[in-house]
Amino acid sequence: MSDKKIRSPLSDEEKREVWGEWADREGEYLDEVEQRWGDSTAYAQSAKRVATYGKKQWEQINRDNAAIEARIRELMDAGADPSSEAAMDVAEAQLQHIARWFYDMTHEFHVQKSYLYVEDPRFRAGIEANTRPGAAEWLQEAIKANAARAAEAPTTAG
């Protein structure tokens, strides 16, 4: 088995507690991830980080993600345009969440990843399960707007 292979130190019981139904198909999903992205830097970073996460870290990851999803739902329910400041802020929060827990995430990479949210039914279902129908497209537009905002932001000289 490769040193880059994604592994978790959690017991099977802990995996079910913190990952839910995903734990039942862990092997299948991780094989697909390795096949699709196993040679990428992001995959190697994620494998290294995930190998250190215990139950408390996964519970925090889940809480953080739930807060992001709740904010998406609130904004959509309020009719917020995905290019609004609040929508871009939630897109930025998601980017930072991924970067903190899994792998380095640039705005350009986030835009690329957003296509999975819309085009892959599993990603869409994951996003829309705790938000609402249409959230995948709404989030993608917010991610694109956030990337444009970041590209326009003045940089500070060091």
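The following is a discussion of how several descriptions of this predicted model are justified.

Colleague: What makes up the secondary structure of the chain, in helices and strands?

Modeller: The chain has eight helices and zero strands. Its pattern along the sequence is accordingly written α-α-α-α-α-α-α-α. Of the 158 residues, 40% count as buried. Among contacts in the chain with a separation of 6 or more, 67% are between residues 24 or more positions apart.

Colleague: How do you know that the span of helix α4 agrees with its number of residues?

Modeller: Helix α4 covers residues 55-77, which is 23 residues. The expected span is 1.5 Å times one less than the number of residues, so α4 should span 33 Å. Its end C-alpha atoms are 32 Å apart, and the two values therefore agree.

Colleague: Which residues of α4 are buried, and what follows the helix?

Modeller: The buried residues of α4 are Trp58, Ile61, Ile68, Glu69, Ala70, Ile72, Leu75 and Met76. After the helix comes glycine 79, with a positive phi near 80°.

Colleague: Which residues have the most contacts inside the largest nonpolar core?

Modeller: They are Trp58, Ile72, Phe102, Tyr117 and Trp138, in a core of 31 residues. At least two core residues are supplied by each of α3 (41-50), α4, α5 (85-101), α6 (107-119) and α8 (135-152). The largest share, seven residues, comes from α8.

Colleague: What does phenylalanine 102 touch?

Modeller: Not counting residues up to four places away in sequence, phenylalanine 102 touches Gln45, Ser46, Arg49, Val50, Tyr53, Trp58, Ile61 and His97.

Colleague: Why is histidine 97 called buried or exposed, as the case may be?

Modeller: Histidine 97 has 9% relative accessibility. Buried means under 20%, so histidine 97 counts as buried. This residue is placed in helix α5. Leaving aside neighbours within four places in sequence, histidine 97 is in contact with Ile61, Asp64, Asn65, Ile68 and Phe102.

Colleague: Why is α5 described as roughly perpendicular to α8?

Modeller: Helices α5 and α8 pack at an angle of about 90°, with their axes 8 Å apart. Angles of 65 to 115 degrees count as roughly perpendicular, and α5 is therefore placed in that class relative to α8. On the α5 side the contact is made by Glu85, Ala87, Met88, Asp89, Val90, Ala91, Glu92 and Gln94, and on the α8 side by Trp138, Leu139, Ala142, Ile143, Ala145, Asn146 and Arg149. These residues divide into nine nonpolar, two polar and four charged.

Colleague: What makes α7 roughly perpendicular to α8?

Modeller: Helix α7 (residues 121-128) packs against α8 at an angle of about 90°, with the axes 8 Å apart. That angle makes α7 roughly perpendicular to α8, because the class runs from 65 to 115 degrees. In this contact, Arg124, Ile127 and Glu128 of α7 meet Ala135, Ala136, Glu137 and Leu139 of α8. By class there are four nonpolar, no polar and three charged residues.

Colleague: Why is phenylalanine 123 called partly exposed?

Modeller: Its relative accessibility is 27%. Buried means under 20% and exposed over 50%, so phenylalanine 123 counts as partly exposed. Phenylalanine 123 belongs to helix α7 and, apart from neighbours within four places in sequence, is in contact with Leu116 and Tyr117. Its C-alpha atom is separated by 8.3 Å from that of alanine 136, 13 residues apart along the chain.

Colleague: How do you know which class suits phenylalanine 109, given 28% relative accessibility?

Modeller: The value of 28% falls between the cut-offs of 20% and 50%, and phenylalanine 109 therefore counts as partly exposed. This residue lies in helix α6. Leaving aside neighbours within four places in sequence, phenylalanine 109 is in contact with Ala42, Tyr103 and Asp104. The C-alpha atoms of phenylalanine 109 and alanine 147 are 9.5 Å apart, with their positions 38 residues apart along the chain.

Colleague: What makes glutamate 119 count as exposed?

Modeller: Exposed means over 50% relative accessible area. Glutamate 119 has 61% relative accessibility and so counts as exposed. Glutamate 119 is found in helix α6. From C-alpha to C-alpha, glutamate 119 and glutamate 137 are 9.6 Å apart in space, while in sequence they are 18 residues apart.

Conventions:
Residues are numbered from 1 along each chain as its sequence is written. This is a predicted model: local features need pLDDT of at least 70, side-chain atom pairs count only at pLDDT 80 or more; totals for chains, interfaces and linings use all residues. Side-chain values use heavy atoms; hydrogens and water are left out. Helices (H or I, at least four residues) and strands (E, at least two) are DSSP runs, numbered from the N terminus. Buried means under 20% relative accessible area, exposed over 50%, partly exposed in between (1.4 Å probe, protein chains only). A nonpolar core is a set of buried Ala, Val, Leu, Ile, Met, Phe, Trp, Tyr and Cys residues joined through side-chain atoms within 4.5 Å. Contact means heavy atoms within 4.5 Å. Axes are lines fitted to C-alpha atoms, for helices over the stretch in contact, and angles run from 0 to 180 degrees between N-to-C directions. Angles under 35 degrees count as roughly parallel, over 145 as roughly antiparallel, 65 to 115 as roughly perpendicular and the rest as oblique. Ala, Val, Leu, Ile, Met, Phe, Trp, Tyr, Cys and Pro count as nonpolar, Asp, Glu, Lys and Arg as charged, and the others, Gly among them, as polar.
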